[in-house]
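Welcome! Please take a moment to look over the sequence and the structure below, and then we can walk through some of its features together.

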Amino acid sequence: NTIIHGVWGNGCTMYKSQVMQKYLGIESCPNQFQEQWLDWLIDEAHQQGMQVHAYFEKGIKIDANSPIFDRAIAQKWVVPGVDKTYGGIEHYVLDVEIPEVAALFKDILVEFVKKYPKVDAVQWDDYLGYYAELPGKVDRTDNLTKFVKQMTSSMKKANPAVSFDLCHHNPYWAKRYFAADWQKWGVDRVFIQAYNEKNFQQELVYAEKYNGIAITDQQLKRLQELVKNPEIKSILIFPLGGKPETTAASLKNFR
């Protein structure tokens, strides 16, 4: 009953943005996104009793393919070191303690909820965080909390009807390994990532306490037990294979 549509990734918007043009001299990432698509999607989804959430993928992280990578490096917008949270790709984390970087994210979020006022929620994930293995013993937890609270507060002033959602690790793991003390962020809804099968039962305990659980399309065998669990309020399914249409179609086999 919910569609999560990407609108941001790798340091730039998918849609044409005046804020991007102002800060970075480009209006969007190179992509096939058409301006009307999201308006049409929201309108049609609402007619069908569904919600549309906007996905801010990669959050505050970029890789070498980002259109803003060279500028971010030149202007020292990234924290020292390479983020290797996930194998196969090296990420660089934008430093939100830099006023210009923090202002970019705040202004982007405000612009988005004004541009698409009928969207139901924006969703961020574990890329809103600093990997613990970055070099140096630097605790960025309080500064990250301050940044997120300022960003969400600005969004709510611009459009109080939009929910700020988070799909992140459990609170202990998020704070310990990503400086993400999201229990203090004042977010509206939290969904616990349970992509690791080895720790699934432990993650399930956390998910029962919050707004739901997130699994991948490789964990659909878990679907029936989750649906039958009265403590699980919502289930997000991430198309790890990169084919959301195929994932959606496969759900019919698990009814």
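Which strands and which helix each supply at least two residues of the lining of the largest pocket? In this predicted model, the strands are β1 (2-9), β3 (51-56), β6 (121-125), β8 (189-193), β9 (212-216) and β10 (235-238), and the helix is α9 (244-250). Strand β1 gives the most, with 7 residues.

**The pockets**

The largest pocket holds about 1,700 Å³ of space. Its lining is made up of 45 residues, and I3, I4, I237, F238 and P239 are the closest to the centre. The second largest pocket has a volume of about 290 Å³. Among the 13 residues that line the second largest pocket, Y86, H169, W173, Q193 and N196 lie nearest its centre. Here is how the two linings divide by class:

| Pocket | Nonpolar | Polar | Charged |
|---|---|---|---|
| Largest pocket | 25 residues | 13 residues | 7 residues |
| Second largest pocket | 6 residues | 6 residues | 1 residue |

**The nonpolar core**

Let us turn to the side chains packed inside. The largest nonpolar core has 70 residues, and F56, F112, V122, W124 and F147 touch the most other members. Helix α4 (residues 99-115) brings the largest share of this core, 8 residues.

F112 is a good residue to follow by eye. With its neighbours within four places in sequence left aside, F112 is in contact with V7, Y15, L38, A54, F56, V119 and V122. Two of these partners, F56 and V122, also appear among the core members that touch the most others.

**One side of a helix**

Next comes helix α7 (residues 200-209), where F200, E203, L204 and A207 are buried. Why do they sit on the same side of α7? They cover an arc of only 110° around the axis, so they share one side of the helix. The cover over the buried residues of α7 includes β8, β9 and α8 (223-228). Strands β8 and β9 also each supply at least two residues of the lining of the largest pocket.

**A residue in a loop**

Finally, find P160, in the loop between α5 (141-158) and β7 (163-168). Is P160 buried or exposed? P160 counts as exposed because its relative accessibility is 61%, and the cut-off for exposed is over 50%. For a sense of distance, the C-alpha atom of P160 is separated by 20 Å from that of T145, and the two residues are 15 residues apart along the chain.

How values were computed
Residues numbered from 1 in each chain as written. Predicted model: local features only at pLDDT ≥ 70, side-chain atom pairs only at ≥ 80, totals over all residues. Heavy atoms only, no water. Helix = DSSP H or I, 4+ residues; strand = E, 2+ residues; numbered from the N terminus. Buried < 20%, exposed > 50% of the residue type's maximum accessible area, 1.4 Å probe, protein only. 1 Å grid on protein atoms, 1.4 Å probe; cavity = no way out; pocket = protein on both sides within 12 Å on 5 of 7 lines; lining within 4 Å. Points joined across faces, edges and corners; volume = space filled by probe spheres on them. Nonpolar A, V, L, I, M, F, W, Y, C, P; charged D, E, K, R; others polar. Arc of directions from axis to C-beta. Contact = heavy atoms within 4.5 Å. Core = buried A, V, L, I, M, F, W, Y, C linked by side-chain atoms within 4.5 Å.
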